[in-house]
Amino acid sequence: MSFKDKLLSSYIALEDYLEFDSPLHDVRNNAIKIFEEKGFPTKKEEAWKYTSLNSLLKPDYTVYSNKERNVELKNVRKYFLHEIDTYKLVFVDGVYSSFLSETTHDTLDVCLMSAALNKSKYKPVIEAYFNKVAKSDSLTSLNTAFTKEGAYINIPAHKEVEKPIEIINFSTGNEAAMFLQPRNLIVVGENAHVQIIERHQSLSGNEVLTNSVTEIFAEKRAFVDYYKIQNDEATASLIDNTYISQERDTVCRVHTFAFGGNLVRNNLNFYQKGENCDSTLKGITILEGKQHVDHNTLVHHIAPNCESHQDYKGLFAESSTGVFNGKIVVEKDAQKTDAFQQNNNILIDDKATINAKPQLEIFADDVKCSHGCTIGQFDEDALFYLRSRGIGLKESRALLMYAFANTVLESVKIPELKMRINKLIANKIGVSLGFEL
């Protein structure tokens, strides 16, 4: 039985446990039909031209695990941003862990998707927002059909959340191979501010494939600061689908730090639906071995007087592979758009590969749009300069790599997180940078 057939059979079993009068019944059924029709994406599709999922579909994944999920805090504490106080939503093998989580009982709605989907008090929000910005592609539809658990965050209007919210998904390795599908819904009310950190982390060397979907809605004048930490085991693969809907005068920023894992595909989609939106997409990718990371971005400028800024840096060693497919669409009514896209890459070793495809589709005539892409190796003159000052080759290369990536780090607004990313970069390049991190 193929993995697709196994999933379709699992959905039939899932239906027996779902309420037929649920408002999501038709949504789920329509979603599974889309997945059944389209199946898993292949390299024949232009958007997946450089990324194959074939090797990921071979293991016999467990879709639902009934095994115990005992995880001790001392074994996972290092994955939390423990330098400061945060709200925490923690899931272990797709199941909420009240022991590891720290939520709130004040005006914030920081709770579970399972509660939001099944309790009447959440019904207005679910009907207004759930699956309203996500695309109808095969993988997002697959997640929609199986949606059970994840983070539900509803920030009321005029609320500035006093501390960051962490969403952490652990996989224990209790199964030989595990398939996880977390679903997050985040609604940020008018004039509200929030910072969120998301991480997927394996706790063993067993195979895990995660198909994650996050929908973010920023209402008028909202501020959303979102960070994705991807530094997983070499046997873990992630398909991350994030959709952001912006109303007028909103600021939304997403930083993606891709340092580990087997195969990672980031589908990041921004939709600017109101005037004076500001969107920022930044990322650092540092790979080695046979790791593969694919950044597939879309900024859809629908309203006038909006800005978007993309800056992705990649460092690729050994036989690793990177992909950057960045698309900017400016609709006819989106006059006075200012859209910038930059992708810079360094190939450290001869067998490393990067495939870059920046795209602009502009239907307005009064805009300022630009894109740039560079692929190269280390600047020999800069290396020579550093070595002539008595710095070793390894340290010289490390300093150049750090300087190359630092423009992305400058815009990280949580100091403790910036320190953590600095340490991860130092680890990845295998050297002490010689200054306080």
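A residue counts as buried when its relative accessible area is under 20%, as exposed when it is over 50%, and as partly exposed in between. These words are used throughout this report on a predicted model.

**Two asparagines with positive phi**

Most residues other than glycine have a negative phi. N305 has a positive phi of about 60°, although it is not a glycine. N305 sits in the loop that joins β15 (292-301) to β16 (307-316). Its relative accessibility is 33%, so N305 counts as partly exposed.

N191 also has a positive phi of about 60° without being a glycine. The loop between β7 (183-188) and β8 holds N191. With 26% relative accessibility, N191 counts as partly exposed.

**Nonpolar cores**

In soluble globular proteins, nonpolar side chains tend to be buried together. The largest nonpolar core in this model has 31 residues. Those with the most contacts inside this core are I153, I155, I165, V188, V194, I196 and F270. Leaving aside residues up to four places away in sequence, I165 touches Y87, V110, I153, I155, V194, Q195, I196 and I197. Another core, of 28 residues, lies apart from the largest one, and its members include I197, L383, V408 and I425.

**Salt bridges**

Side chains of opposite charge can pair when their charged atoms come close. A search of the whole structure finds 18 salt bridges. The table gives three of them.

| Salt bridge | Closest N and O atoms |
|---|---|
| D240 and K228 | 3.1 Å |
| D249 and R248 | 3.0 Å |
| R265 and D294 | 2.7 Å |

R265 belongs to strand β13 and D294 to strand β15, so this pair ties together parts that are 29 residues apart in sequence. Both R265 and D294 are buried.

The salt bridge between D240 and K228 can be described in a similar way. D240 is in strand β11 and K228 in strand β10, so the pair ties together parts that are 12 residues apart in sequence. D240 and K228 are both buried. They are also part of a network of salt bridges that links E198, K228 and D240.

For the pair D249 and R248, the accessibility values are higher than the cut-off of under 20% used for buried residues. D249 has 27% relative accessibility and therefore counts as partly exposed. R248, at 34%, counts as partly exposed too.

**Cavities**

Rolling a probe the size of a water molecule over the atoms shows where empty space is left. Six cavities of 30 Å³ or more are found in a search of the whole structure.

The largest cavity holds about 150 Å³ of space. Its lining is made of 20 residues, and H200, Q201, D232, A236 and L238 lie nearest its centre. At least two lining residues come from each of β5 (165-171), β8 (193-202), β9 (207-218), β10 (223-230), β11 (236-246) and β13 (263-272). By class, the lining of the largest cavity has eight nonpolar residues, 11 polar residues and one charged residue.

The second largest cavity holds about 80 Å³. Its lining consists of Y79, F80, L81, E166, I168, I197, R199, I229, L417, R420 and L424. Two or more of these lining residues come from each of β5, β8 and α9 (415-429). The largest share, three residues, is given by α9. The lining of the second largest cavity has eight nonpolar, no polar and three charged residues. I197, listed in this lining, is also among the members of the core of 28 residues.

**The second largest pocket**

The second largest pocket has about 290 Å³ of space. It is lined by 17 residues, of which E45, A47, W48, D137 and S138 are the closest to its centre. The elements that supply two or more residues to this lining are α6 (138-146), β11 and β13. Of these, β13 gives the largest share, three residues. The lining of the second largest pocket divides into five nonpolar, seven polar and five charged residues.

Notes
Residues are numbered from 1 along each chain as its sequence is written. This is a predicted model: local features need pLDDT of at least 70, side-chain atom pairs count only at pLDDT 80 or more; totals for chains, interfaces and linings use all residues. Side-chain values use heavy atoms; hydrogens and water are left out. On a 1 Å grid over the protein atoms alone, a cavity is a set of points where a 1.4 Å probe fits but cannot get out, and a pocket is an open set with protein on both sides within 12 Å along at least five of seven lines; lining residues have an atom within 4 Å of a point. Grid points are joined across faces, edges and corners, and a volume is the space filled by probe spheres set on the points. Helices (H or I, at least four residues) and strands (E, at least two) are DSSP runs, numbered from the N terminus. Ala, Val, Leu, Ile, Met, Phe, Trp, Tyr, Cys and Pro count as nonpolar, Asp, Glu, Lys and Arg as charged, and the others, Gly among them, as polar. Buried means under 20% relative accessible area, exposed over 50%, partly exposed in between (1.4 Å probe, protein chains only). A nonpolar core is a set of buried Ala, Val, Leu, Ile, Met, Phe, Trp, Tyr and Cys residues joined through side-chain atoms within 4.5 Å. Contact means heavy atoms within 4.5 Å. A salt bridge is a side-chain nitrogen of Lys or Arg within 4 Å of a carboxyl oxygen of Asp or Glu.
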